[in-house]
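Please look through the sequence and the model shown below, and keep both at hand while reading the paragraphs that follow.

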Amino acid sequence: MNTDIQRYALTMPQYQETLICLQRILDFQASLADRIEPGLRIEPSAARAKLRAGLPLFAGEFLPIPVSLFQEALADLRPLLPAGETGQVALDRLLASSQLAPMQIETWLTELIADSAACVQRLADDTSSHPSTLAFLLNTALSPFLDSFAAAYREQVESVDWRRGMCPMCGSEPWMARLAHKDGRRILACPLCRTEWGFDRLRCPFCESQDQPLLRHFTVDDDEAHRVDCCDRCQRYIKTVDERVSDRPANLLVEDVITAHLDLLAREQGYV
Ligand SMILES: [Zn+2]
Ligand SMILES: [Zn+2]
């Protein structure tokens with residue numbers, strides 16, 4: 001079992017059930033990753049040119065995700081999910097959606113990379129599911145594929161001065177952030193391809209505003225290791241783990257689970 005999951009299951013029993021579910025999902029993703037062949041080929045010079053132009057690397061590329069393996073992955077995911085609207089019911093609706101028919105999947109994946117928020121919203125409308133539930137299901141099943149494609153290009157991303165708030169590989173909005181243990185550098189993380197990239201401390205990753213009075217953060221219960229950075233210009237928020245306070249590298253998948261109370265507080269304050 002993941003050691004962070006073990007630790008938090010003992011110290012934060014209110015999250016124990018969700019953490020056990022996360023462990024099952026991590027095991028599922030690890031076994032799916034073993035079956036994925038690296039298949040994306042972008043010439044190094046073309047990759048650099050794209051990144052330097054501020055375009056995510058996967059934009060406009062055909063992602064070689066085998067449709068049958070992706071559908072199998074979604075079906076295998078089903079027993080790991082809770083029953084009900086936020087789990088198995090949403091997955092069943094997704095599997096029944098015409099957009100996930102074998103002939104449509106390639107088109108749909110390209111659209112997902114071009115504009116993931118719009119694509120997830122459209123699927124949510126089509127399946128009468130909540131966008132955040134769908135985003136979770138899709139990220140869970142797609143992450144091992146995109147992570148494997150991204151792995152070959154991570155060094156290139158590091159060598160290019162990527163300054164945007166969106167993921168340099170797949171163009172997703174960041175999902176969580178950490179302040180690095182060794183130097184406090186702000187690192188954003190992608191929920192889809194698991195890429196991490198550096199970003200200005202005093203800039204909103206969503207609207208890229210640097211207007212200081214509009215950018216703030218809050219913590220709760222003297223827990224300085226976990227904070228919420230919010231932007232009063234675009235009303236978005238992102239949870240951040242300060243590794244200098246927690247004194248260890250953060251596993252953001254686990255940290256996301258044990259900070260669900262921060263999501264509630266941020267939403268209560270009107271952030272999305
Ligand atoms: Zn990404
Ligand atoms: Zn903003």
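At 2% relative accessibility, C170 counts as buried, a word used for residues under 20% relative accessible area, while exposed means over 50% and partly exposed lies in between (1.4 Å probe, protein chains only). C167 is likewise buried, with a relative accessible area of 0%, and C193 is buried at 0% too. The model is predicted, so local features need pLDDT of at least 70 and side-chain atom pairs count only at pLDDT 80 or more, whereas totals for chains, interfaces and linings use all residues. Residues are numbered from 1 along each chain as its sequence is written, chains are lettered from A and ligands numbered from 1 in the order in which they are written, and side-chain values use heavy atoms, with hydrogens and water left out.

The SG atoms of C167, C170, C190 and C193 are the protein donors of the zinc ion (ligand 1), lying 2.3 Å from it; donors are N, O and S atoms within 2.8 Å of the metal (3.2 Å for Na, K and Ca), and because water is not among the atoms, sites may look incomplete. Along the sequence, these donor residues are spaced C-x2-C-x19-C-x2-C. The four donor atoms subtend angles of 98 to 120° around the zinc ion (ligand 1), and the arrangement is therefore tetrahedral, a label that four donors receive if all angles lie between 85 and 135 degrees.

The zinc ion (ligand 2) has as its protein donors the SG atoms of C204, C207, C231 and C234, which lie 2.2 to 2.3 Å from it. Its four donor atoms make angles of 106 to 116°, and this site is tetrahedral. The spacing of its donors along the chain is C-x2-C-x23-C-x2-C. Because C204 lies in the loop between β3 and β4 (215-218) and C234 in the loop between β5 (226-231) and β6 (237-242), the pair ties together parts that are 30 residues apart in sequence; here strands (E, at least two residues) and helices (H or I, at least four) are DSSP runs, numbered from the N terminus. C204 is buried at 3% relative accessibility, whereas C234 is partly exposed, with a relative accessible area of 24%.

How many disulfides does the structure hold? A disulfide is a covalent bond between the sulfur atoms of two cysteines, and it is counted here when a pair of cysteine sulfur atoms lies within 2.5 Å. The structure holds zero disulfides.

Methods:
Tetrahedral: all angles 85-135°; square planar, octahedral: opposite > 155°, others 65-115°.
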